[in-house]
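I opened this notebook to record what I looked up in one structure. The entries follow the order in which I consulted it.

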Amino acid sequence: MLSLSTVAIVFGVVFLAELPDKTALAGLMLGTRYRASYVFAGVAAAFVVHVSLAIAAGSLLAQLPQRPVQGIVGALFLAGALVLLLKKDDDEEEVKAPADQSFLKVAGAGFMLILVAEFGDLTQIMTANLAARYDDWLSVGIGAVLALWAVAAIGILGGRTLMRYVPLKLITKVAAGVMLVLAGFSIYEAITG
């Protein structure tokens, strides 16, 4: 059964964690060169694949004894928060552009870029953790996909404008803070569960 509160929590966590990531920059770079709808179609499809893999991994974790899983999930959230807080600012990565403007070439370039660049990414690991934590694959999947699509759309359509008003360091710190809170809850449940 769909839980709107789980969807909202997952959306917020994944959105904040993905916003300072390379996805927004890659989408921005492709979106300035090619038709935004073509780029978004490819990127959106890649994120569905990523979330599906993460949900499958999280569902397997949910079948294990809950106390150790909560401890592991808490440790992974803590590690994710530390990665966000300690990562160095990356220079813009080079995005290889498709040779022509056809839908298949542009969407394919967006799909492959995200599929390769985001595989094993922090938000994919977080999604698996959230799927294990909530044991609600549908709500977690919807929240994660919508968050990733929102970040991609922001990157493609208005990344430069957003970054003018909201400092990237602030977004990163808020995402790390949310992950620390989730780590604390998971570790508390592992100890008291």
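The entries below concern one helix, the loop after it, and the aromatic contacts.

**Entry 1: the model.** I note at the outset that this is a predicted model.

**Entry 2: helix H6.** I began with H6, which covers residues 122–134. Its 13 residues reach 18 Å from the first C-alpha to the last, close to the 18 Å expected at 1.5 Å a residue. I then asked how many residues of H6 are buried. The helix is mostly covered, with eleven of the 13 residues buried. Among them are the non-polar Leu122, Met126 and Leu130, and I also recorded Thr123, Gln124, Asn129 and Arg133 as buried.

**Entry 3: Arg133 and Tyr134.** At the end of this helix I checked for a charge over a ring. Arg133 lies over the face of Tyr134, at 5.6 Å from the ring centre. I noted again that Arg133 is one of the buried residues of H6.

**Entry 4: Asp135.** I next asked which residue with a positive phi follows H6. Asp135 follows H6, and its phi is positive, about 45°, although Asp135 is not a glycine. I placed Asp135 in the loop between H6 and helix H7, the latter covering residues 137–165. Is Asp135 buried or exposed? Asp135 has a relative accessible area of 56% and is exposed, because the cut-off for that class is over 50%.

**Entry 5: the aromatic pairs.** I searched for paired rings and counted three aromatic pairs. One of them is formed by Phe11 and Phe15, which are stacked, at 5.5 Å centre to centre with 10° between the planes. Both residues belong to helix H1 (residues 4–18); because they are four residues apart there, about one helical turn separates them. Their accessibilities fall into two classes, which I recorded in turn. Phe11 is partly exposed at 29% relative accessibility, whereas Phe15 is buried at 18%.

**Entry 6: Phe40 and Trp149.** I then examined a pair of rings whose centres are 6.3 Å apart, those of Phe40 and Trp149. Their planes stand at 70°, so I entered the pair as edge-to-face. Where do the two residues lie? Phe40 lies in helix H3 (residues 36–62) and Trp149 in helix H7, so the pair ties together parts that are 109 residues apart in sequence. Phe40 is partly exposed, with a relative accessible area of 27%. Trp149 is partly exposed as well, at 29% relative accessibility. I noted finally that H7, the helix of Trp149, is the one that comes after the loop with Asp135.

Conventions: Residues are numbered from 1 along each chain as its sequence is written. This is a predicted model: local features need pLDDT of at least 70, side-chain atom pairs count only at pLDDT 80 or more; totals for chains, interfaces and linings use all residues. Side-chain values use heavy atoms; hydrogens and water are left out. Buried means under 20% relative accessible area, exposed over 50%, partly exposed in between (1.4 Å probe, protein chains only). The expected span of a helix is 1.5 Å times one less than its number of residues. Rings of Phe, Tyr and Trp (its six-membered ring) pair if their centres lie within 6.5 Å; planes under 30 degrees apart count as stacked, over 60 as edge-to-face and the rest as tilted. A charge sits over a ring if NZ of Lys or CZ of Arg is within 6 Å of the ring centre and within 35 degrees of the ring normal.
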